[in-house]
Amino acid sequence: MSTEQLLLSLKSFTKTSEISIRQASSTRELEELRHQIFGKQSALTDAAKVLKNADTEIRKIIGQELNKHKRMLEDLFSQTLREIRDQEFHTSLLNDQPDISLSPQIPSLGAIHPTTETIQRISSIFAHMGFQLFDGPEVEKSIINFDALNIPPFHPARSMQDTFYLNENTVLRTHTSNTQIRTMREKKPPLKILSPGRVFRSDSDATHAPMFHQIEGLVIDKRISFSHLIWTLKTFLSLFFNNSALRFRIRPSYFPFTQPSAEVDIAFEDGSFLEVLGCGMVHRSVLQETGIDPHLYQGFAFGLGVERLTMLKANITDLRPFFDANQNWISSFNQL
């Protein structure tokens, strides 16, 4: 076949292919045309085969024409394919009738996690007492997490067994007291703050977890006494457990950042007691470290575990389900 004949054949094939593509009415027809136009048996392929043995000058002429016709057909094919797909999609939407015989899919309702609900309840009680919420970082400098709270380097709480160290000077906070230190440094007394949040300790069993929630309170003002602390905790516990006759006791204890320090126990119907929180008067060294004059101001602090109070109120004996994300379990303890 001469060069002239090949070019005429190529033009004729292109024109015929163009008409066929424009007349296609479905993606299936276009798929069949794709094999005919661009497949191994098409005129485009025949022209490409001729190029292998043709002279340089003829190869240049045929190659230019071949690329021009092939590119034109490819563009037309792609455009037509998009138009037909859009048309088929809109047609399917119009023809898609719902099957009213199917049972309706009713989405399940979520529930507030018991931990979240307890935090909200505790925060609400203390808000009515005038406490303000403050939040602090979970990744903390050890100097704020320990030293500023009068916890010396040799204290057991600073050991690797109890604390997650990210490096020598950075830890995952072991309590939310870091928020109190930051607030005392940034704001002037009087202060009345509540700091809920996640804390981290290297411990795990049925009643302990490496991550749990804690809420700490702090009051700094002139003429604050231990009696103010007792009244605050008694009022809180009575409201939280909905029991105005709730019996509790204060036992001497030790915390590096308070002096004197105490633990609070609540009584059960059988006469037994269980510790629910720790408290005490803010240590003078903590006040001095944060820039507060201990001769002018005094204060008290307390801390409690959110999961522990939730377990007591809802009669839960195992801490681990709190972190299992079981929707049925969470829903069963809604409205604590």
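These notebook entries record what I looked up in a predicted model, beginning with a pocket and moving on to a helix pair and one serine.

**Entry on the second largest pocket.** I looked up the volume of the second largest pocket and noted about 260 Å³ of space. For its lining I listed Phe241, Asn243, Ala245, Leu246 and Arg247, followed by Ile266, Ala267, Phe268 and Glu269, and finally Leu312 and Lys313. Sorting this lining by class, I recorded 7 nonpolar, 1 polar and 3 charged residues. I then asked which elements supply at least two residues each to the lining, and found β8 (258-267) and α10 (306-314).

**Entry on α5 and α10.** Since α10 had come up at the pocket, I turned to how helix α5, residues 114-128, is placed against α10: their axes come within 9 Å and cross at roughly 100°. With angles of 65 to 115 degrees counted as roughly perpendicular, I therefore entered α5 as roughly perpendicular to α10. On the α5 side I noted Pro114, Thr115, Thr118, Ile119, Arg121 and Ile122 as making the contact, and on the α10 side Val306, Glu307, Leu309, Thr310 and Lys313. By class, this contact of α5 with α10 has 5 nonpolar, 3 polar and 3 charged residues. I marked Lys313 for a second mention, as this residue of α10 takes part in the helix contact and also lines the second largest pocket.

**Entry on Ser123.** Staying with helix α5, I looked up Ser123, which is found in that helix. Is Ser123 buried or exposed? Its relative accessibility is 13%, so I entered Ser123 as buried, the cut-off being under 20%. Leaving aside residues up to four places away in sequence, I found that Ser123 touches Leu133 and Leu194.

Conventions. Residues are numbered from 1 along each chain as its sequence is written. This is a predicted model: local features need pLDDT of at least 70, side-chain atom pairs count only at pLDDT 80 or more; totals for chains, interfaces and linings use all residues. Side-chain values use heavy atoms; hydrogens and water are left out. On a 1 Å grid over the protein atoms alone, a cavity is a set of points where a 1.4 Å probe fits but cannot get out, and a pocket is an open set with protein on both sides within 12 Å along at least five of seven lines; lining residues have an atom within 4 Å of a point. Grid points are joined across faces, edges and corners, and a volume is the space filled by probe spheres set on the points. Helices (H or I, at least four residues) and strands (E, at least two) are DSSP runs, numbered from the N terminus. Ala, Val, Leu, Ile, Met, Phe, Trp, Tyr, Cys and Pro count as nonpolar, Asp, Glu, Lys and Arg as charged, and the others, Gly among them, as polar. Axes are lines fitted to C-alpha atoms, for helices over the stretch in contact, and angles run from 0 to 180 degrees between N-to-C directions. Angles under 35 degrees count as roughly parallel, over 145 as roughly antiparallel, 65 to 115 as roughly perpendicular and the rest as oblique. Contact means heavy atoms within 4.5 Å. Buried means under 20% relative accessible area, exposed over 50%, partly exposed in between (1.4 Å probe, protein chains only).
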